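Subject: Structure handover

Hello,

Here is the structure for your files. My notes on what was found in it follow below.

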Amino acid sequence: MANSQILAIGSVAKHRGVYDASTTYYYQNQCTMYGSLFEALSDNFSGVAPMEVASDGSVSLANTSIWKCIVNNVDLYNKVLSTNALDTRVSTLETNI
């Protein structure tokens with residue numbers, strides 16, 4: 001799922017774009033990351049991501065004292081990731097058979 005797919009038709013949420021560690025965020029700045037939308041709760045910080053990525057590629061919320069999750073697509077992202085991994089394994093199995 002691309003970060004650009006986060007906002008559904010009719011949404012009025014504003015955002016600055018995809019999270020960037022080098023960007024300085026201020027109170028109420030918004031950004032997307034892995035299909036979820038976040039709002040900054042703190043002022044004048046950078047390099048603090050709103051999400052963590054596990055070694056298997058799955059994501060989870062992080063730094064919730066600094067970021068408020070407005071649109072939570074974590075479960076959806078992880079399900080798509082899991083489905084894609086299953087599709088790959090099935091395709092490999094079909095090729096081997």
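In this predicted model, ring pairs link Tyr19, Tyr25, Phe38, Phe45 and Trp67 into a cluster. Across the whole structure, a search finds seven aromatic pairs. One of them is formed by Tyr19 and Trp67, with 6.2 Å from centre to centre and 85° between the planes, which is an edge-to-face arrangement. Tyr19 belongs to the segment before β1 (30-33) and Trp67 to strand β5 (residues 67-71), so this pair ties together parts that lie 48 residues apart in sequence. Tyr19 and Trp67 are each buried.

Trp67 also pairs with Tyr25: the ring centres are 5.2 Å apart and the planes stand at 75°, so this pair is edge-to-face too. Here again distant parts of the chain are linked, with Tyr25 in the segment before β1, Trp67 in strand β5, and their positions 42 residues apart. Tyr25 has a relative accessible area of 1% and Trp67 one of 2%; both count as buried because the cut-off is under 20%.

Next, the sheet. Three strands make an open sheet in the order β1-β2-β5, and their pairing is antiparallel. β1 and β5 are the edge strands, each of them pairing on one side only. From one strand to the next, the twist averages 35°. As general background, the strands of a sheet pair through backbone hydrogen bonds, and the pairing is either parallel or antiparallel.

β1 pairs with strand β2 (residues 36-40) in the antiparallel sense, over four bridges. Several of the facing residues can be named. Gln30 is opposite Glu39 in β2, Cys31 has Phe38 in β2 as its bridge partner, and Met33 is opposite Ser36 in β2. The two strands form a hairpin with two residues between them, and Tyr34 in that turn has a positive phi of about 50°.

On the β5 side, β2 and β5 run antiparallel and are joined by four bridges. Ala40 stands opposite Trp67 in β5, and that tryptophan is the partner of Tyr19 in the aromatic pair described above. Phe38 is likewise found in two parts of this account: as the bridge partner of Cys31 and as a member of the ring cluster.

Which way do the side chains of β1 and β2 point? In β1, Gln30 and Thr32 point one way and Cys31 and Met33 the other way, and all of them are buried. In β2, Ser36, Phe38 and Ala40 point one way, whereas Leu37 and Glu39 point the other way; these too are all buried. That leaves β2 mostly covered, with five of its five residues buried. In a regular strand, side chains alternate between the two faces of the sheet.

If you work with the cysteines, note that the structure holds zero disulfides. Cys31 has a relative accessibility of 0% and therefore counts as buried. Cys69, at a relative accessible area of 25%, is partly exposed.

One further residue is worth a look on screen. Ala21 is in the segment before β1 and is partly exposed, with a relative accessible area of 43%. Ala21 and Ala49 are 28 residues apart in sequence, with their C-alpha atoms 6.9 Å apart in space. Apart from neighbours within four places in sequence, Ala21 is in contact with Ser46 and Gly47.

Last, the confidence of the prediction. The protein chain has a mean pLDDT of 80, and 68% of its residues reach 70 or more. Among the elements of the chain, strand β3 (residues 51-53) has the highest mean pLDDT, at 95, and helix α1 (residues 74-96) has the lowest, at 67.

Regards

Technical notes:
Residues are numbered from 1 along each chain as its sequence is written. Side-chain values use heavy atoms; hydrogens and water are left out. A disulfide is a pair of cysteine sulfur atoms within 2.5 Å. Buried means under 20% relative accessible area, exposed over 50%, partly exposed in between (1.4 Å probe, protein chains only). pLDDT is the predictor's confidence in each residue, from 0 to 100. Rings of Phe, Tyr and Trp (its six-membered ring) pair if their centres lie within 6.5 Å; planes under 30 degrees apart count as stacked, over 60 as edge-to-face and the rest as tilted. Contact means heavy atoms within 4.5 Å. Two strands pair if DSSP finds at least two bridges between them. Axes are lines fitted to C-alpha atoms, for helices over the stretch in contact, and angles run from 0 to 180 degrees between N-to-C directions.
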